Amino acid sequence: MLRNFKVLMPASLNEALYVINNIDRPFRFLAGGTDVLVRLKDNPSYAQALIDISKIGELAKIEEHKSTFVIGSGVRHEALLAYAPFIENYNGLIEAVSAIGSPQIRALATVGGNIGNASPAGDSIGPLMAFDAEVELRSQDTNRIVKLEDFFTGPGKTVLKHNEIITKIILPKSDSLKSGWKRLGQRRAVAISKVSVTLALGFAKHSNGSDRVNDVRIALGAVAPTVIRARKAEKFLLENQTLTKAVVKEACRLVAKEARPITDIRSNTEYRSEMCGVLLGDLIEKLACAR
Ligand SMILES: Cc1cc2nc3c(=O)[nH]c(=O)nc-3n(C[C@H](O)[C@H](O)[C@H](O)COP(=O)(O)OP(=O)(O)OC[C@H]3O[C@@H](n4cnc5c(N)ncnc54)[C@H](O)[C@@H]3O)c2cc1C
């Protein structure tokens, strides 16, 4: 079945860029292998070569800059979860990544692999999108930065060209945002999300001393062909500023309408839409109470 199948193991990013520029057959990257090997086992024509990037140290670093954190695409979920600034200020990201697979999966699987896989249910994507992350895409001759929101074009589809690799995820610093993430799956662990919601809120003091919302980001997973931002619900909450019961109820209704889920073996359209509203309501309550 896998006759003439190639496995290449570039030792550096430059070597990897050379390989993908010159390879003569359809290939996939092997980062942690937790997606690609499962797919290849189910469908041997999924790729005719694997380019193993798991040993490229340049891709496996997290760096702090003045206004951003730069996460190498080869950073494993386990390493991201241990990074103190994320634990401090990116609760939604930590909650989502902690729920990916199992400890064994998180020890191997990478952030770049979760993004490169382009599943609408990819759990790290919602929080990264809510924090306005960007990805750096490199080829031998080019280097471009794309908003994560614009990276996905459909289930398993992205704007990545055949000779490009995701090198970095650029995460703006956002000390002022409180965030959370919730999902529903078939089981509590080792289950693909049926619905996931990320919420990030910024608060400021009103002139009358009460709290008002001054920043809102909502991302929805597994309820559209790609992970999406719920822009209408975000705009509504931002315009209304105060989280009264009526405002929260309307935001939950709007978010359920923005979802465009399908019915599949895991769940159905109506349930997924409704649960977007329920999870958003839970997250608003949690973040508002945590202040
Ligand atoms: C038992 C089990 C449970 C799981 N549970 C979850 C879960 O709860 N939530 C969840 O979101 N996922 C889950 N997954 C899926 C998987 O673990 C994640 O998507 C993981 O992050 C993939 O990372 P990886 O490094 O293993 O990717 P790989 O399998 O190595 O690669 C996946 C895809 O991304 C591409 N890719 C990898 N790196 C790059 C790069 N640098 N540039 C461009 N493309 C790249 C590859 O070409 C390939 O198409 C689970 C998988 C298993 C087997």
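**Ligand contacts and helix packing**

Modeller: In this predicted model, a polar side-chain atom of T110 sits 2.6 Å from an oxygen atom of the ligand.

Biologist: What makes that pair of T110 and the ligand a polar contact?

Modeller: The cut-off is 3.5 Å between N or O atoms. The T110 pair is at 2.6 Å, so it counts as a polar contact. H77 also has a polar side-chain atom 2.8 Å from a ligand oxygen, and G101 offers a polar backbone atom at 3.0 Å from a ligand oxygen.

Biologist: Which residues come nearest to the ligand?

Modeller: Among the 33 residues around the ligand, they are A31, T34, D35, T110 and D123.

Biologist: Turning to the helices, why are helix 10 and helix 11 called roughly antiparallel?

Modeller: Helix 10 (residues 231-240) and helix 11 (residues 245-258) pack at about 165°, with axes 8 Å apart. Angles over 145 degrees count as roughly antiparallel, and therefore this pair does too. Helix 10 contributes R231, K232, A233, F236, L237 and N240 to the contact, and helix 11 contributes V247, E250, A251, L254, V255 and E258. By class, these are 7 nonpolar, 1 polar and 4 charged residues.

Biologist: How does helix 11 pack with helix 12, and which residues make the contact?

Modeller: Helix 11 and helix 12 (residues 269-289) pack at about 145°, with axes 7 Å apart, in a right-handed crossing. V248, A251, C252, V255 and A256 of helix 11 meet S273, C276, G277, L280, G281 and I284 of helix 12.

Biologist: How many charged residues does the contact of helix 11 with helix 12 have?

Modeller: There are no charged residues in that contact, which has 8 nonpolar and 3 polar ones.

Note on methods. Residues numbered from 1 in each chain as written. Predicted model: local features only at pLDDT ≥ 70, side-chain atom pairs only at ≥ 80, totals over all residues. Heavy atoms only, no water. Axes fitted to C-alpha atoms, helices over the stretch in contact; angles between N-to-C directions. Helix = DSSP H or I, 4+ residues; strand = E, 2+ residues; numbered from the N terminus. Parallel < 35°, antiparallel > 145°, perpendicular 65-115°, else oblique. Contact = heavy atoms within 4.5 Å. Nonpolar A, V, L, I, M, F, W, Y, C, P; charged D, E, K, R; others polar. Near = heavy atom within 4 Å. Polar contact = N/O pair within 3.5 Å; in protein donor to acceptor, adjacent residues only side chain to side chain. Left-handed = near helix turned anticlockwise from the far one by under 90°.
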